[in-house]
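Student: I should like to learn how to read the features of a structural model. Could we work through one together?

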Amino acid sequence: MALVCAACMLTGCKKDNVNNGPDIEGKFWVPEEFSEYEMPMAFYFQDGFMSCYAYALTDESAVTLTEETGKSVKKGNLVMYMPIGTFTVVRNEDGISGTINIFGLETGVIEYSGLTGDSVFLVFRDKGGEVTDQCQCYTMEKLGFPVTGVVK
């Protein structure tokens, strides 16, 4: 082991998982066009799993989400609406773009670019490489949605 460490120091080895920019994971990403809906939807990437969450913007949308999910949802809550599948992220050297490989979804990959702490541009491609959708996304906080709880 000591030889491996010494060789690594001499050759300038780098860890593969060095984070050189903002992270796509751990944030609720809302497509810009969904921000006007009564129940905005958000993508969530965490621990190798992608989900779609719905946000209860009003008391009425909280009631609807409670009925649809069977979970107790209140105004201001995010609730897991649809599990999508497992994923892996391949980050480009620039740290603000990369590819998200989705398993268990019609979409083969999601390319992301322009990643900041509160925005990202997503391009969805099917397994044949054709673009099926694209959207500018922002975090819940950036869009002014106060999240009072997350229901899984």
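Tutor: Let us begin with the cysteines, bearing in mind that this is a predicted model. The structure holds zero disulfides.

Student: How far is the nearest cysteine sulfur from that of C135?

Tutor: The general idea is that a disulfide requires two cysteine sulfur atoms within 2.5 Å. For C135, the nearest cysteine sulfur belongs to C137 and is 3.6 Å away, and C135 is in no disulfide.

Student: Does C135 count as buried or exposed?

Tutor: The cut-off for buried is under 20% relative accessible area. C135 has a relative accessibility of 4% and therefore counts as buried. C52, at 8%, is likewise buried.

Student: What is the order of helices and strands along the chain?

Tutor: Such an order is read along the sequence, and here the pattern is α-β-β-β-α-β-β-β-β-β-β. The chain thus contains two helices and nine strands.

Student: What share of the residues is buried, and how much area does the chain expose?

Tutor: Of the 152 residues in the chain, 36% are buried. The exposed area is about 8,800 Å², with carbon and sulfur atoms supplying 55% of it.

Student: Among contacts between residues at least 6 apart in sequence, what share joins residues at least 24 apart?

Tutor: In this chain that share is 41%.

Student: Which residues lie on the two faces of strand β1?

Tutor: To read a strand, one examines each face in turn. In β1, residues 28-31, F28 and V30 lie on one side, while W29 and P31 lie on the other. These four residues are all buried, and both faces are covered.

Student: Which strands are joined to β1, and in what direction do they run?

Tutor: Strand β2, residues 41-46, is joined to β1 by two bridges, and the two run antiparallel. Within that pairing, F28 has Y44 as its bridge partner. Strand β8, residues 131-139, is also antiparallel to β1, with three bridges between them. There, T139 is the bridge partner of W29.

Student: Which backbone oxygen atoms does the side chain of R91 approach?

Tutor: For a polar side chain, one looks for its partners and then its exposure. The side chain of R91 reaches the backbone oxygen of P22 at 2.9 Å. A polar atom of that side chain also lies 3.0 Å from the backbone oxygen of G95. R91 belongs to strand β4, residues 77-91, and at 25% relative accessibility R91 counts as partly exposed.

Student: How far is the C-alpha atom of R91 from that of E111?

Tutor: These C-alpha atoms are separated by 9.9 Å, and the two residues are 20 residues apart along the chain.

Terms used
Residues numbered from 1 in each chain as written. Predicted model: local features only at pLDDT ≥ 70, side-chain atom pairs only at ≥ 80, totals over all residues. Heavy atoms only, no water. Buried < 20%, exposed > 50% of the residue type's maximum accessible area, 1.4 Å probe, protein only. Contact = heavy atoms within 4.5 Å. Areas by Shrake-Rupley, 256 points an atom, 1.4 Å probe, with all protein chains shown as cover. Polar contact = N/O pair within 3.5 Å; in protein donor to acceptor, adjacent residues only side chain to side chain. Pairing = 2+ DSSP bridges.
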